[in-house]
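Me: I'm new to this one and don't know where to look yet. Could you pick a single part, take me through it closely, and then show me how it sits in the rest of the molecule?

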Amino acid sequence: MRRRPGAAVLVCLLAAAALVTPAPAAAFGTIEGGGQHREHEHITRAALACPGRDCFEPGTLGRLAGDGRGFGAVGSPDLTEVNVPAAHCDDADFLAGGYPRTRGQATAAVTACVEHLRGRFRAAVRDAAGLLDGYGRILPDEVLLDGGCALAEQGEQRAKCTTLEEFGRALHGVQDFYAHSSWADEADPARPVGPDNPPGLNRPAPSPVLDLRGTGAPDVPPDLATGCFVLHDAVPGVGVCERRITHAALNKDNGLIDAVTGEATGPGTPRGRVGTNFAKAVTGAVVESRHQWRELRDALRDEYGERRASVMVCALTHDDPLSDCGGASDRTMIASFVMFALFLGVIALSSRRRNPAG
């Protein structure tokens, strides 16, 4: 049996991380405070919560989205990948006409983000294999989440936890794409276009750029940009971000999101307050999250076949997969058989006592 992390230790680690993690690099917020309102959690809940087919039940959704006490899988890049631009789709800035970076450099940064998220997506498909035994039956030790899930970097090995973590990291990145990029938004029409007011593409979700099941180079529009990020995030940019489109100029990170409907109000950044930019970013992130969940289910079917994939999806979404999903492993079946045999023995003994001559 695999060792499970202590719940108290995990809660302490996550709480401490929430206090010390630099917030600005994280796009949509992960914590409550410092201008953030748990945006990643609320987007994920609005996208994937029950009721619905193949939806996530409350306990499991808390492991994926977070629950106000811990970051959840979708927030894990803000614990371990804060300074990894590809995990947040940062540093893909470009503007036509005398800009200090080329379109090729910006496209390379977008491609790096997509490849990073593809790696997380593929890892989720790979780790899902550990949910079942060789006969397609659920392994109890791999799906029971008593004490919550730790991060893989903290020694977590249970297949349900690691699959949710990898998928959550992929979701974080695709949600950040809408918060950080010009894909879904528009420029302020009252100001001239420039590094502090880059053009927006005003396009819907899902984005073909985020083809996480693909293997080829993503089709990046020539005007797509994300912001240059440094710790001192400002407009105009400083340091390596001088004369460049910055995260501060382009992000739509913060505001209020209804975790049930996905309704977005109260935008908290300058770009988010232009028109309906914050609402467009949130809507894009919700639609993209649902799309990527469908993509993961399809990838599981392609990799493992319809029957095994169906059990895997049930195990990943249900709070009590051993009862709800069927296909229990030998250990569970043996326990049920023993209980049934004991039950028959009690009936036989009771019958003999009532009819001693028999």
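Reply: Let's start at Cys 89, which counts as buried because its relative accessibility is 5%, and the cut-off for buried is under 20%. Before going further, keep in mind that this is a predicted model.

Where is Cys 89 along the chain? You'll find Cys 89 in the loop between helix H6, residues 85–88, and helix H7, residues 103–128. The backbone does something worth a look here: phi of Cys 89 is near 55°, a positive value in a residue other than glycine.

Now follow the side chain. Cys 89 is joined by a disulfide to Cys 113, with 1.8 Å from sulfur to sulfur. The torsion about that S-S bond is about -45°, so the disulfide is left-handed. Cys 89 is in the loop between H6 and H7 while Cys 113 is in helix H7 itself, so the pair ties together parts that are 24 residues apart in sequence. Which side of the burial cut-off does each partner fall on? Both Cys 89 and Cys 113 are buried. In general terms, a disulfide is a covalent bond between the sulfur atoms of two cysteines.

That bond has company, as the structure holds five disulfides. Let me set two others beside it.

One of them joins Cys 50 to Cys 55, with 2.3 Å between the sulfurs. Here the torsion about the S-S bond is about 90°, so this disulfide is right-handed. Its two ends also sit in unlike surroundings: Cys 50 is partly exposed, at a relative accessible area of 36%, whereas Cys 55 counts as buried at 11%.

Another is formed by Cys 228 and Cys 241, whose sulfur atoms are 2.0 Å apart. Its S-S torsion is about -80°, so it's left-handed. Cys 228 and Cys 241 each lie in the loop between H9 and H10, so what they tie together is two parts 13 residues apart in sequence. Cys 228 is buried, with just 2% relative accessibility, and Cys 241 is buried too, at 1%.

How do the bonded cysteines pair up along the chain? Counting bonded cysteines in order, the pattern runs 1-2, 3-4, 5-6, 7-8, 9-10.

While we're in the loop that holds Cys 228 and Cys 241, let's stay a moment. It runs between helix H9, residues 159–180, and helix H10, residues 247–250, and Pro 206 has its place there. The peptide bond that joins Ala 205 to Pro 206 is cis, with omega about 0°. Pro 236 is in the loop between H9 and H10 as well, and a cis peptide bond links it to Val 235, with omega about -5°.

Asn 202 is found in this loop too, and it brings us back to the backbone detail we saw at Cys 89. Phi of Asn 202 is near 55°, again a positive value in a residue other than glycine. What about its surroundings? Asn 202 has 44% relative accessibility, so it counts as partly exposed, whereas Cys 89 is buried at 5%.

Next, step back onto H9, the helix before that loop. H9 has 22 residues and reaches 31 Å from its first C-alpha to its last, close to the 32 Å expected at 1.5 Å a residue. Is H9 enclosed or open to the outside? Of its 22 residues, 22 are buried, so H9 is largely enclosed by the rest of the structure.

On the other side of H9, Glu 156 is found in the loop between helix H8, residues 140–143, and H9. Glu 156 is buried, with a relative accessible area of 5%. Its side chain makes a polar contact of 2.8 Å with the side chain of Arg 158, and it also reaches the backbone nitrogen of Ala 150 at 3.0 Å.

Finally, zoom all the way out. The protein chain has 14 helices and four strands. Buried residues make up 52% of its 358 residues. If you take contacts between residues at least 6 apart in sequence, 67% join residues at least 24 apart. As for the outside, the chain exposes about 16,000 Å², and carbon and sulfur atoms supply 58% of that area.

Methods: Residues are numbered from 1 along each chain as its sequence is written. This is a predicted model: local features need pLDDT of at least 70, side-chain atom pairs count only at pLDDT 80 or more; totals for chains, interfaces and linings use all residues. Side-chain values use heavy atoms; hydrogens and water are left out. Buried means under 20% relative accessible area, exposed over 50%, partly exposed in between (1.4 Å probe, protein chains only). The expected span of a helix is 1.5 Å times one less than its number of residues. A polar contact is a pair of N or O atoms within 3.5 Å; within protein, one must be able to donate a hydrogen and the other to accept it, and residues adjacent in sequence count only if both atoms are side-chain atoms. Contact means heavy atoms within 4.5 Å. Accessible areas come from the Shrake-Rupley method with a 1.4 Å probe; for residues, only the protein chains shown count as cover. A disulfide is a pair of cysteine sulfur atoms within 2.5 Å.
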